[in-house]
2 protein chains.
Amino acid sequence: MTIDDVLNELRAKIADKLPKGITISGLEFEGPELVIYTTEPRAFADNGDIIRSLAKDLRKRIVVRPDPKMLLDAEQAIDKIKQIVPAESGLSDFYFDPDTGEVIIEAEKPGLVIGRHGSTLREITKHIGWTPKVVRTPPIESKTVKDIRQYLRTVKDDRKQILKTIGRKIHRPVSTKDQWIRVTTLGGCKEVGRSSFLLSTPETRILIDCGVNTGAESNGTPYLYVPEVSPLSSIDAVVITHAHLDHCGIVPLLFKYGYEGPIYATPPTRDLSALLQLDYIEVANREGKRPPYDSALIREALKRTITLNYGDVTDIAPDVRLTFYNSGHILGSAIAHFHIGEGLYNVAFTGDFKYEKSKLFDAAVNNFPRVETVIMESTYGGMHDMQPARREAEIEIQQVIKQTLARGGKVLIPTFAVGRSQEVMIVLEEAIRRGIIDNVPVYLDGMIWEATAIHTTYPEYLNVELQDMIFHKGQNPFLSPSFVQVDSPQKREKILADPSPCIVLATSGMMNGGPVMEYLKTYGHDRRNTLIFVGYQAEGTLGRRIQKGWNELPMSVGGKTEIMKINLQVTTVDGFSGHSDRRQLMEYVKRMDPRPERIITNHGDENKCLDLASSIYKKYKLETKSPMNLETIRLI
Amino acid sequence: MTIDDVLNELRAKIADKLPKGITISGLEFEGPELVIYTTEPRAFADNGDIIRSLAKDLRKRIVVRPDPKMLLDAEQAIDKIKQIVPAESGLSDFYFDPDTGEVIIEAEKPGLVIGRHGSTLREITKHIGWTPKVVRTPPIESKTVKDIRQYLRTVKDDRKQILKTIGRKIHRPVSTKDQWIRVTTLGGCKEVGRSSFLLSTPETRILIDCGVNTGAESNGTPYLYVPEVSPLSSIDAVVITHAHLDHCGIVPLLFKYGYEGPIYATPPTRDLSALLQLDYIEVANREGKRPPYDSALIREALKRTITLNYGDVTDIAPDVRLTFYNSGHILGSAIAHFHIGEGLYNVAFTGDFKYEKSKLFDAAVNNFPRVETVIMESTYGGMHDMQPARREAEIEIQQVIKQTLARGGKVLIPTFAVGRSQEVMIVLEEAIRRGIIDNVPVYLDGMIWEATAIHTTYPEYLNVELQDMIFHKGQNPFLSPSFVQVDSPQKREKILADPSPCIVLATSGMMNGGPVMEYLKTYGHDRRNTLIFVGYQAEGTLGRRIQKGWNELPMSVGGKTEIMKINLQVTTVDGFSGHSDRRQLMEYVKRMDPRPERIITNHGDENKCLDLASSIYKKYKLETKSPMNLETIRLI
Ligand SMILES: [Zn+2]
Ligand SMILES: [Zn+2]
Ligand SMILES: [Zn+2]
Ligand SMILES: [Zn+2]
Ligand SMILES: [Zn+2]
C-alpha cells in the first residue's frame, strides 16, 4: 500500500461520514496533521462536532481548510472580523496566508477572538472563508518572536512542501517486522551537558535533545558520528525538551550534516532556543572563538520546527506518538512522553524538571496515561543534595535586599537570562508591591529583557496563579514599572553613575563575562553593596571564586589585567534552582502514576546518577540503570 | 600519511637493519602479513634470525618471498626437494604457486620436511628459490579439504589482490579520535543459536560469529539490519570461533549483502564450516525448504578466509590484535582474544568451550597475557546443570555396549557428525583395543567419516596424548580397522541385512532425519538392541520423544506415515557434552589468570545466563551482565 492509497482510503472513509452536502475538494498530510480542503467550510464550522468525531474515528489530528477559491478578499475579511469580534479583544494585526488559507490574527485578548468552545472563531470562518489562527499581541514586544514569525512567513512555500513531505513520511504504511525498542545514549550520561538520546524501533529513529557542553575543551558535543545515527538523514524526528543549550545547542548543526526532518518543540522552546543559539554564536565571536554554526542554520531549524503544546498527542512516526507535559524547569520546558506501537510501550524523557511549584511554573507532571520506562535527570541526585524550600529562599532574598537598601547599598544579582531571572523578578515585584522592600528601580541588563518578553508572549505556559493574575485580574507582574530595561551602554553608564539605591539583575549568571562585570567593577569597592548569588557557580568561574571568599580579583581593564579589590557583601541564596533537589527527585518517582517499571538516570555527575539510581532501587524496588554514554539499552 | 608512505618508511627501516648484500626488491602488505620480496632469499634463509628480529622491531608478521625471477623450474625443483628431504618423510604431492613464490609440499611426516627449527626448509629454499610450505598428507583423504585446497589454487590471483587490499586496510594510518570500546549484541543472548556480536572502536568494527538457529521458525538469524552493522561493507573483519552453524551458519550470506572483508578462523574451522554450511543447504533442499544461500557464497567466504593457528598474535585492524586460544569444544574451536589499542583493553569471547580435558582436546585456555572483559557461554549455566565426569561417562557407555553385545544385540548411537562422534570413536577404539568390548565393526554413517577425515588432517589441534600417539607412537586411533565407512546405500543395505553384532554411529544426532532413521527402522523391533543417546535432545525432536519413553512412533515409510512400534532398549549417557557444565563454568572463571574485571554471559536460556552471572557476581565479586539481544555495552 502506498501513501496515496492511504490517502484515498481516508478520503473514502471521511466522505462516508460527512453529512450530505459537504464535500471534500482535497486531502493531504501536512506534518502530523491531516488537512481536509473543502468548498463548504461554513458547513464544517456549523457542525463543531464533525472534526472532533472524524479525529476520533480516524485517530488523526484533523484540520479543515477552505478551498482556495472560497477566500474573501483580505480588506473585506478584516472588516468582517472587526464586526464579529468584541472591541475589548484588542485586535492589533492580521496576516493572510493564501497557501494555508489561514489568517493570523494578533489580539491582546485572544480568548475573546476564540470565543466559548471556539464559537467566535467558527463565526469568523463562516463569513470570511479563511481559517483564523489567533496569537497574542505580546505585551512587551519580543524581537525574537517578531523575527521568527516574520521569517516563517517569508518561507511559507518551502515550509508547506516540507510539511507535506514530513506528513507523508509520518503516515507511511509500515511493514510488520521484529518488535523491539531501544534507547542509545549519545551524550549527557554521567555528566551534565551535551544531552542526547536516540529512541529507536525497527521502523523509526528519534533523536531526543542534542545539546552542547559549552564549557568543555573537548567532548563538548554528542557522539553523532556513531553508526546508530548514521546517516543523519535516516533520523525520523528530533524532539527538544527545552531551550537550554545543554539540550538544544547542537540542533542547528544537524542540518549541516544531512538531517532533513522535523524538530518538535513547544512554542516557547522554539523561540527561546533561537535566542540562546544566536547568543551562543555571539559569545563565541566576542571571545574570538570559531562560532559553532551560523545563523542560517538556526533559520533552517526554525523552518522545520513543528510546535506542539502541552498535552497535544501527536503522531510523529508510523509507530510513535509524542506528548509534551510541563516539567516546571523553564518556560516551555517539557517532559517528552512517547507512546510506541498500539499500546506496546511508553517511555518518558524528563529533560530537566522541577517537582515543586515555583513563582513561575507548576510542578512537573508525573501522571501519565501509561509509562513503563522513565529517563530522568539527576543534577541534584546525590544523597545530600538538599535545597531549602522555595518559600524560605524568597524570604531570605527579601531580607538581604531589605538590609542592603536600608544601609544605602545597591544589590547586584548575576543571573542567566532564561528562568532564574524571571523567577527573581516575580519575587521582587511582589515584595515591592507589598511594601516588603523599598520601591527602588530593578534594572535588567543583558538578554534578560528579551527573555522576559518571550515569557509575556506565552502566559499560558506560566503557572495557574500567574495566569489568573494576568488574564482575570489584568495584573501582569512583568509589566511592573519597577522593571527598567538597560538597552544601551549609555543607559548603563547613567545607572552606574547614579548613587541612589537600586537592584540590578545582569548576565552572565556565573560572572564569566557579560554586563554583570561592569556593575561589579563599579559596585565592588563599596561595602554597603551586596552581591547575591541565586544559581550554581561552576568550578573555574569568577562567580565561584568570589563565592569562596576571594576578594582580590584579576580583572581585564582596557585590555590589561589588573587586580581589583572587592569589599561588597557576598551572599548565596539557595533554593531558586530550576532543578529538583534530591528529595524532590525521590518524591517525583514515588508519586508517579502509574508506577513505572524502570528508571534510567542521567544528567548528573557520575556519583549523582549512581546514587539516585541505587536509592530508587532500594526504596521503591524499581529496576534502575545509570548508563555511560554510547550504550544501548533494550526496553522491550 | 598514506599507506604508501607507511610502506616506504618500513622499507627504509628494513634496509637499515639488513646485513650488507641483502636487498629488498619489493614490499607489500598481504592480509595481516608484511611480505618482503628479495633476490637473495638464500641470504635470508642463511640468517634464520633476521626475520624474527625484524618482526620484533617492526611489530609485524613478516614473510620473505623470493623475487619471481629467482625461481627454479618446477621439475628441477621437485628433484632437488627429493634429494634434500629424507625418504621416510613420505612426499606425496607438490603445488607451485608463481604468485606467492610458494611450493606446497604434501608429506606424510611434515616434521621431517621442516627439520629441526626449520633447517631442512631453509635448505630447500636456498636451492630452489621457491618458499616451501609443508602440509600433511591426510591419512584419510578428506574430500572437503581437497576441494578447498583445489579451489583456493584456482582463485589465487583474485585472492592475492584481496589480501593486498585487506593488508593495506589493516595497516592504514589512523587519526586519533575518541577512546571507547563497545560490544553490541546481535544474537545468541539469553538464547542458544544465531550467536553474533559486534566489537567496535572509533576506528574499527569487528563481527564475532554470525550463526543461525536452524530450528527457529522466525528470529533464526542475527539482527544484521540494524544501523550498528550498516552498511555491512563498513565491517573491518569477521571472526569465527568455531564451525557449528549456530556460530557460522550465516557467514556466507554476509557476502550477498555487501561484506567484502576477511574472515578469520583456524584452519579446521574453515574446513568444518564449509562442510557444515554445504550440509545446511543440502538438508534444506531435502526438506523442500528454500536453501539459505548457494554454494557460490560458501566459496566466496573461503576465498576471503585468513587462517590463524592458536597463539598467532595478528593485527586485524589498525587498533586490534586477534589471538585464538584452544576452547576444547570441537576441532579448531577457539576463544577469540582481542587486544585493543596499545595496551588499552583486552576482551575475550569464549565461543563454546569445555573446561575439562577430553579424549580429543585439551581443556579450554583461561590464561591470557591480559584480559579485562570475558564474554562467555552459559549453555549449562543453571544452578543444577551438573554433568558426570568424562571418565564416568566412558565407563557407562562401555558397560551398556558390553551388555548389548553379550546378548547378541546391536548398538545404535545417533550423533552429530562433528565433535561428539569422534569423541565416542576414540572411546570405542580404546575399549576394543583393550578388549573391554568385543572386536565388532563400528559403522560410521552420514557425514561422520568426512568429519573424521578432517580431524586426521589437523592432528596438531588434538590433545597432547593423541598427538603423542599419532606422531611418536605411530598409532592413529582414527585409522583403526574397526571403523568402517558406510559410503553407499548398497553398503547400508548390506549392513542392515547382516545379523552379526555391531555398533553404528549415524547422523542426525537428534533423529530428525538422516541415515540413523534407516537403522532405527530395522533395529527398532528387536529388544536385544540398544539405542544410546550421547547428546542433548531438543524438545520437539524424535530423539526427545523416544528418550521420554514413547514406543509407538509415527514414521514416514514410502511417503505414507505409519505407526512403528519400537522394542529396543533406550539409554542416555550424559557426560560427553562439548560444553562446560555448571561447575566447570564457575571453575573456569575462578582460575582465570589474570583475574578479569567483568563477565558477560550469553549462549544459554535466559535463566541460565542470569543464574550464572549472578553466581559469579556473588562468589567472585566480579561485575557481571546478561544482556538481551540488541543492546550495546560500553567496555571503556
Ligand atoms: Zn535546563
Ligand atoms: Zn540540562
Ligand atoms: Zn645444500
Ligand atoms: Zn558449538
Ligand atoms: Zn554454540
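This report describes metal coordination, annotated sites, selected residue environments and the chain interface in a predicted model.

Residues are numbered from 1 along each chain as its sequence is written, and chains are lettered from A and ligands numbered from 1 in the order in which they are written. In this predicted model, local features need pLDDT of at least 70 and side-chain atom pairs count only at pLDDT 80 or more, while totals for chains, interfaces and linings use all residues; side-chain values use heavy atoms, with hydrogens and water left out.

**Zinc site**

The zinc ion (ligand 1) has as protein donors His242(A) through NE2, His244(A) through ND1, His329(A) through NE2 and Asp352(A) through OD, at 2.2 to 2.3 Å. Donors are N, O and S atoms within 2.8 Å of the metal (3.2 Å for Na, K and Ca); water is not among the atoms, so sites may look incomplete. Angles among the 4 donor atoms run from 88 to 167°, and the site is irregular. Four donors count as tetrahedral if all angles lie between 85 and 135 degrees; four count as square planar and six as octahedral if opposite donors are over 155 degrees apart and all others between 65 and 115; anything else is irregular. Along the chain, the donors of the zinc ion (ligand 1) have the spacing H-x1-H-x84-H-x22-D. Asp352(A) coordinates both this ion and the zinc ion (ligand 2), the two ions being 3.4 Å apart. His329(A) lies in the loop between β14 (320-326) and β15 (334-340) of chain A and Asp352(A) in the loop between β16 (345-349) and β17 (373-377) of chain A, so the pair ties together parts that are 23 residues apart in sequence. Helices (H or I, at least four residues) and strands (E, at least two) are DSSP runs, numbered from the N terminus. Both His329(A) and Asp352(A) are buried, a term meaning under 20% relative accessible area (1.4 Å probe, protein chains only).

**Annotated residues**

An unreviewed UniProt entry gives the annotation "binding site" to Asp246(A), His247(A), Asp352(A) and His603(A). These residues span 358 residues in sequence, yet no two of their C-alpha atoms are more than 10.3 Å apart, so they gather at one spot. Helix α9 (residues 245-248) of chain A holds Asp246(A), and His247(A) is also placed in helix α9 of chain A. Contact means heavy atoms within 4.5 Å. Beyond four places in sequence, Asp246(A) touches residues including Asp352(A) and His603(A); the contacts of His247(A) include His242(A), Asp352(A) and His603(A).

The relative accessibility of four buried residues is as follows.

| Residue | Relative accessibility |
|---|---|
| Thr38(A) | 0% |
| Asp246(A) | 16% |
| His247(A) | 1% |
| Val320(B) | 2% |

Thr38(A) belongs to strand β2 (residues 33-38) of chain A, whereas Val320(B) belongs to strand β14 (residues 320-326) of chain B.

**Interface**

The contact involves 20 residues from chain A and 20 residues from chain B. Together the chains bury about 1900 Å², 47% of it on carbon and sulfur atoms. On the chain A side, Arg182(A), Pro227(A) and Arg634(A) lose the most area to chain B, together 30% of what that side buries. Buried area is the accessible area (1.4 Å probe) that two parts lose on being put together, summed over both. The interface has 2 salt bridges, each a side-chain nitrogen of Lys or Arg within 4 Å of a carboxyl oxygen of Asp or Glu. Glu228(A) forms a salt bridge with Arg182(B), with the closest N and O atoms 2.8 Å apart.

How values were computed:
Buried < 20%, exposed > 50% of the residue type's maximum accessible area, 1.4 Å probe, protein only. UniProt positions renumbered as here; feature names shortened; annotations may be inferred.
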